[in-house]
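Here are a few exercises to help you find your way around a new structure. Try each task with the model in view, then follow the solution step by step.

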Amino acid sequence: MVKNLKREGYFKEVFTIKKEIKCTKCGKKFNMKNILKCECGGIVEVVLHNYSEIKIPQNPNSMWDYFELLPLEDKDNIITLSEGMTPLLKTENLSRQLGIKNLFIKDETRNPTGSFKDRPNTMAISKAKELGIKTITIASSGNASASAAAYAAKAQMKCVVFVPENTPEAKLAQAKCYGAEINRIPGNYSNAFNKALEATKKNNWFNVTSTYLNPYSYEGDKTVSYEIDKLIDVPDYIFVPIGAGPLLHGIYKGYKELRKMGYVKKLPKMVGVQSTGCSPIVDAFENGDNIVRPWNKKVSSIASGIDDPLTGYEDDGTLTLKTIYESSGFGIKITDEEVMNGLYQLAESEGVFAEPAGVIGVAAVKKSLKHNLIKKQDKVVIMITGHGLKNIKAVL
Ligand SMILES: *Cc1c(COP(=O)(O)O)cnc(C)c1O
Ligand SMILES: [Zn+2]
């Protein structure tokens, strides 16, 4: 029988899922627009309705096949470089070395600009197009600005980036070649964050910074969970390098949606990994606190991609902390030496070369096994978030 495509298209229209923005603090609802915070100061989040009507695609080829679950109204606005759909590799040599049987890595280094940031950016910049935006801006420790610049190029928008002065050269080279305006800001990531926010307010730009500032961007991170779930049952633990933590939060949100839709029964425990040189969220976890305080010591670590002191937006850290508690997971911090051992071990055992921030989960799994935080029978996924070539100074 010939498929009646027109008819299928018609049903898609009818069943389009209601999507709106809701404040996580006071519950106020908003239409989808250029919004960063609720008037009450609360973080705003996308919520979907009618989960029972959503069907997950059987044979997805693109993360945009999950369109129904993403906060975009019209498919014509999708700006894509074919991101996502990264391999979930079952480790063989590494798992033998660590004595853990079911150890997987989700290899996000394969994304178009070499880091997972292509997921939040394809989402946010597609939304920017839908909202008629001409200029986007971003604060970043390097990967997110490289990625945003690429998607802005594809969308033919102007891109203004704010990065800390110590940002690795390769990441800056990417942003430069994609045509972004680059502002190098003295000091740490939070300084760049606050500069970008000032410029956003002044010029009414669209800010796609990878914290919880832009409610659309981290919806793109949810797709990681849909992809993992296509291949394996819900893992016991997912290890995620965290700056402010939207990737961790997004993956968990994705699993919660899969549960609402009836695809899974249990949820993974989320492990947030930071460096000892900047660990505001993990320190709060270890102290049993309910809120995260900004990191007011010197920021110093090899994992520059996740060094976020959260100064001025500590609430973002608190939201990640809450997600870790809610999932019954934990936080763990890693020294530079452990990070680098893990980097070499993954490269030598599995042929995957990642930057220090991107590979910090390997050391975290080793340490968690050693301290009996996880067991050898557990099924574990490590998010490998950024390519090794992005920071070669670390290994020379
Ligand atoms: C941005 C980044 C992270 C942290 O992700 P967040 O969602 O911002 O917490 C981890 N690893 C790498 C390589 C990154 O670039
Ligand atoms: Zn509010």
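## Exercise 1: A strand pair and its sheet

**Task.** How many bridges join strand S10 to strand S11, and in which direction do the two run?

**Solution.** Start with the pair itself: strand S10 (residues 237–241) and strand S11 (residues 269–275) run parallel and are joined by five bridges. Next, pick out one facing pair along them: Phe-239 has Val-271 of S11 opposite. Keep in mind as you look that this is a predicted model.

Now step back to the whole sheet. S10 and S11 belong to an open sheet of six strands, ordered S4-S5-S13-S10-S11-S12, and its pairing is mixed. Strand S4 (88–90) and strand S12 (330–334) each have a single partner strand, so these edge strands are left with one side lacking a neighbour in the sheet. From one strand to the next, the twist averages 25°.

## Exercise 2: Helices on the six-stranded sheet

**Task.** Which strands does helix H11 touch, and which does helix H12 touch?

**Solution.** Take helix H11 (residues 336–350) to begin with: it packs on the sheet and touches S4, strand S5 (102–107), S11, S12 and strand S13 (379–384). The direction of H11 makes about 95° with that of S12.

Then turn to helix H12 (residues 356–370), which packs on the sheet with contacts to S5, S10, S11, S12 and S13. For H12, the angle with the direction of S12 is about 105°.

## Exercise 3: The four-stranded sheet

**Task.** What is the strand order in the open sheet of four strands, and which strands form the edges?

**Solution.** Read the order as S8-S7-S6-S9, with parallel pairing. At the edges you find strand S8 (181–185) and strand S9 (206–207), each paired on one side only. To follow S9 inwards, look at strand S6 (residues 135–139), which runs parallel to S9 and is joined to it by two bridges. Here Ile-136 stands opposite Phe-206 in S9.

## Exercise 4: Two helices that cross

**Task.** At roughly what angle do the axes of helix H3 and helix H4 cross, and is the crossing left-handed or right-handed?

**Solution.** The axes of H3 (residues 118–130) and H4 (residues 143–155) come within 9 Å and cross at roughly 35°. The crossing is right-handed. On the H3 side, the contact is made by Asp-118, Asn-121, Thr-122 and Ile-125, while H4 brings residues including Tyr-151 and Ala-155. Sorted by class, this contact has six nonpolar, three polar and one charged residues.

## Exercise 5: Two domains

**Task.** How far apart are the C-alpha centres of domain 1 and domain 2, and how much area do the domains bury between them?

**Solution.** First locate the parts: the domain assignment gives domain 1 as 88–113 + 219–395 and domain 2 as 118–207. Their C-alpha centres lie 24 Å apart. The contact takes 25 residues from domain 1 and 21 residues from domain 2. Between them the domains bury about 1,700 Å², with 46% of it on carbon and sulfur atoms. Finally, Thr-113, Tyr-313 and Lys-390 supply 35% of the area that domain 1 buries against domain 2, more than any other three residues.

Notes. Residues are numbered from 1 along each chain as its sequence is written. Chains are lettered from A and ligands numbered from 1 in the order in which they are written. This is a predicted model: local features need pLDDT of at least 70, side-chain atom pairs count only at pLDDT 80 or more; totals for chains, interfaces and linings use all residues. Side-chain values use heavy atoms; hydrogens and water are left out. Axes are lines fitted to C-alpha atoms, for helices over the stretch in contact, and angles run from 0 to 180 degrees between N-to-C directions. A crossing is left-handed if the near helix is turned anticlockwise from the far one by less than a right angle, and right-handed if clockwise. Contact means heavy atoms within 4.5 Å. Ala, Val, Leu, Ile, Met, Phe, Trp, Tyr, Cys and Pro count as nonpolar, Asp, Glu, Lys and Arg as charged, and the others, Gly among them, as polar. Two strands pair if DSSP finds at least two bridges between them. Domain bounds come from an automatic or database domain assignment. Buried area is the accessible area (1.4 Å probe) that two parts lose on being put together, summed over both.
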